[in-house]
Amino acid sequence: MALFEQTGTTQKVNLDDTEACCCTIETAQTIDGHTEYVLRVQRGPYPENSWRILRRYNDFASLNKCLQISGIDLSFPGKKLIGNMRPDFIAERLNALQEYINQVLMNPILASSLPTKKFIDPDSYSTPFHDLALQYASMSLRTDGLYTLGQSLGPIGWRLRKHYFKVVHRPQGNKHSPGHSTTKHHLIKSSSQSHGKAHTTQVCVTTSTEKDYNNSSKDGSSGRDDLILSWTEFGPDRYIDEKEIHTVLKNFGGVQHPYIVPIEHIASNDCGALVIRKFYKQGSLKDVLCSASPCNPFLSKYGSPKGRAPLPLKELALYARQILEAIRFLHSKGVACGHVHCGNVIVVDGVAKLMDVENFMFGVPSFYRPFFVQHSKINTCEAIDVYGFGHLLYEMCMGYPLQDSYARQITDCPDSLKSLLESILSKEACKSALPTLDQLTTHPFFGEYAGQFNEQYATAIAVQKPHLKFSTSAKEQLKLAVQKTENRVRDEQRSVKNQKRLVRVQEMMTSEEEKKKIKQKAKHEQKQAKLRAQNSLQLNNGPPLTGPSGSGSSGGNGGGMASTVHLSSSTGGIVKSNSANSITSPQEALMSPPPHATDSGGSTSPQPPPSAPPVPAPPASLPLSFPANATSSSATTGKLARSISGDDTGGNEGNRSALLDSICNFNKSGLKKINSGSGK
């Protein structure tokens, strides 16, 4: 049941049944000892067009039972009697039901079925469509007095608002004598699309000729009474004025063309129209491809067909060329088809004929509308028909329909047919521009596999001359309908494009935020790792010695072996250490902190400095000499070194300061280089 009642006027709204819906299970709640799931359903691209409903597990189970007729394998969670109120089980069940409803709505056949529509939108699809169609069709035929309504054929088509009935001619002798002995009352089941729901009955007066119809249908013979009636409710794209619709349909009822199924009778009222045609026992081209019986329910015929067989190339080319000529003829008369697919094609004695060409005037949505609204370049009635023709070619070639708005890869067909399909169904073609109807007729594929078509077509039009004539007012109405239909398509394409752009922006923003978070986290981890490495190095080796440039002892020129000359505390001379390759002055050497050892407890204790390596004797050619004050400075330096290293235990802070001052005032320029006599 609906959680929120829709308010507003009771004016009828023509919904587009092809508009995609999505369903999200937001949460679950316990009411009166059972679990109910809160579902948010959205129709179309905008979140504003959404509503909430409450569904129990039994409601999902009922939907799954109705959809089992399709033969499609769905992952529906099983029932559990014990422990089904635990929070963890409810959360697990919610995820399983969400996955199930996603599978249903992503399948075009299941998503367009009446049980699915009733499940997600009970307020809009609880109307008894079949009963209303039966009522309107009976009233219309009673007024004309030419035909008698027979048995309902059930949901043999994909449209929810289109219903099929058997119909027979009414004998003219009994036109004004309903109590004649040849008449009888017949009970007709309605609401047949509910798949197992309770049926209501309607009383309809039929004649004994219906028995002849049933017999002729069973034995395969064809008689004048093999007729089928289809009642179609007007759709959201009906733009022909109510005052002109009767005239337009009356003119269209006289259409004649070798590749168009003729119309026996057509009539309309304020809600919809009925069309009577000849019944073909072999069914449509889709029935032939799927090896299905035409009178079986739509879900069972096309949900998971047992056998699919593509057409031979010569038959494919011939049928496609014939359908192409029928579409061109309609456009030459100012009528768009808009409903080209295998379900609207009948093949009789090797001739393909287009059917349901009046759907454009009824304003019903196209079968491929969810696909072409995703491509802004498919925005004219001719482009829509070319696009539908491409899908028709694909299904005849592959044996199964294309379940996407464009073909990602086309294989297993000749190069000429592949080129033809790619010119219509490739991603590049849908983004740029599709070929025109006239351009398709000159494609090399038809010249290769249907080279004799022009002669056959000339013979066919000589036998049945094409004819379709409209009054001046009807032509204006058709022209206006074409313009409004194209405008609605463009508006919807802009809406879809804007919504896609919004989704991309949101994804980019989310992605940028995630990237920033990841980058910041990486920086933080890198910083922490660096600090840990530094702490580990200090704990193991103590603080590094600082060279003349302030760098650690590990620094150097290319990592090579380095040495620095220091004044020794014991000899007052110059010693080497593994620092930079330079001679360091005494005050620079004493600025380096003494090394410390670290015990296992993390505390540091002063350790005596390592013994200085022996100083090699200076070469005879370069003896070092010091001025007179150098000796005292050297001794002072030695004392300072011993005080800092811990050797001079009797020193104090004052002596250390004095020694440091003397070192700072050391005159380095006093060192002179003396040449020995042996070097001469």
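Me: What makes both faces of strand 9 covered?
Reply: Take the two sides in turn. On one side stand His-265 and Ala-267, on the other Ile-266 and Ser-268. All are buried, and buried means under 20% relative accessible area. So both faces count as covered in this predicted model. In a regular strand, side chains alternate between the two faces of the sheet.

Me: Why are strand 9 and strand 10 called paired?
Reply: Pairing needs at least two bridges. Strand 9 and strand 10 (residues 272-278) have four and run antiparallel. The pairing criterion is therefore met. Ser-268 stands opposite Ala-273 in strand 10. Three residues lie between the two strands, which form a hairpin.

Me: What is the strand order of the sheet with five strands?
Reply: The order is 4-5-8-10-9, in an open sheet with antiparallel pairing.

Me: Why do strand 4 and strand 9 stand at the edges?
Reply: Strand 4 (147-154) and strand 9 (265-268) each have a single partner strand, so one side of each lacks a neighbour in the sheet. The average turn between neighbouring strands of this sheet is 25°, direction ignored.

Me: How do you know that strand 4 pairs with strand 5?
Reply: Five bridges join strand 4 to strand 5 (residues 162-169), in the antiparallel sense. At least two are needed, so the two strands count as a pair. Thr-148 stands opposite Val-168 in strand 5.

Me: Why is strand 2 described as largely enclosed?
Reply: Strand 2 spans residues 34-43. Nine of its 10 residues are buried, so the rest of the structure largely encloses it.

Me: Which strands does strand 2 pair with?
Reply: Strand 1 (residues 21-31) joins strand 2 through 10 bridges. Strand 3 (residues 50-56) joins strand 2 through seven. Both pairings are antiparallel. Thr-24 stands opposite Arg-40 in strand 2, and Gln-42 has Ser-50 of strand 3 as its bridge partner.

Me: How many residues lie between the strands in these hairpins?
Reply: Two residues lie between strand 1 and strand 2, and Asp-32 in that turn has a positive phi of about 55°. Six residues lie between strand 2 and strand 3, where Gly-44 in the turn has a positive phi of about 80°.

Me: What makes the phi of Ser-291 worth a remark?
Reply: Its phi is near 55°, a positive value in a residue other than glycine. Most residues other than glycine have a negative phi. Ser-291 is in the loop between helix 9 (285-290) and helix 10 (298-302). Its relative accessible area is 62%. The cut-off for exposed is over 50%, so Ser-291 is exposed.

Me: Is Asp-412 buried or exposed?
Reply: Exposed: its relative accessible area is 73%, against a cut-off of over 50%. Asp-412 lies in the loop between helix 14 (381-398) and helix 15 (415-425). Its phi is positive too, near 60°.

Me: How many aromatic pairs does the structure hold?
Reply: There are 19. One of them joins Phe-445 and Phe-446, with 5.5 Å between centres and 65° between planes.

Me: Why is the pair of Phe-445 and Phe-446 called edge-to-face?
Reply: The centres must lie within 6.5 Å, and 5.5 Å passes. Edge-to-face needs planes over 60 degrees apart, and 65° passes; therefore the term applies. Phe-445 is buried at 0% relative accessibility, and Phe-446 is buried at 2%. Elsewhere, ring pairs link Trp-158, Phe-367, Tyr-368 and Phe-371 into a cluster.

Me: Where does a charge sit over a ring?
Reply: Arg-238 lies over the face of Phe-234, at 4.6 Å from the ring centre. The charged end of Lys-286 sits over the ring of Tyr-302, 5.2 Å from its centre. The distance limit is within 6 Å, and both values satisfy it.

Me: Which residues have the most contacts inside the largest nonpolar core?
Reply: Leu-330 and Met-396, in a core of 86 residues. Helix 14 gives the largest share, 12 residues. With neighbours within four places in sequence left aside, the contacts of Leu-330 include Phe-252, Ile-260, Val-335 and Leu-468. A second, separate core has 30 residues, among them Trp-51, Phe-60, Phe-298 and Leu-299.

Methods:
Residues numbered from 1 in each chain as written. Predicted model: local features only at pLDDT ≥ 70, side-chain atom pairs only at ≥ 80, totals over all residues. Heavy atoms only, no water. Buried < 20%, exposed > 50% of the residue type's maximum accessible area, 1.4 Å probe, protein only. Phe/Tyr/Trp six-rings, centres within 6.5 Å; stacked < 30°, edge-to-face > 60°. Lys NZ or Arg CZ within 6 Å of the ring centre and 35° of its normal. Axes fitted to C-alpha atoms, helices over the stretch in contact; angles between N-to-C directions. Core = buried A, V, L, I, M, F, W, Y, C linked by side-chain atoms within 4.5 Å. Contact = heavy atoms within 4.5 Å.
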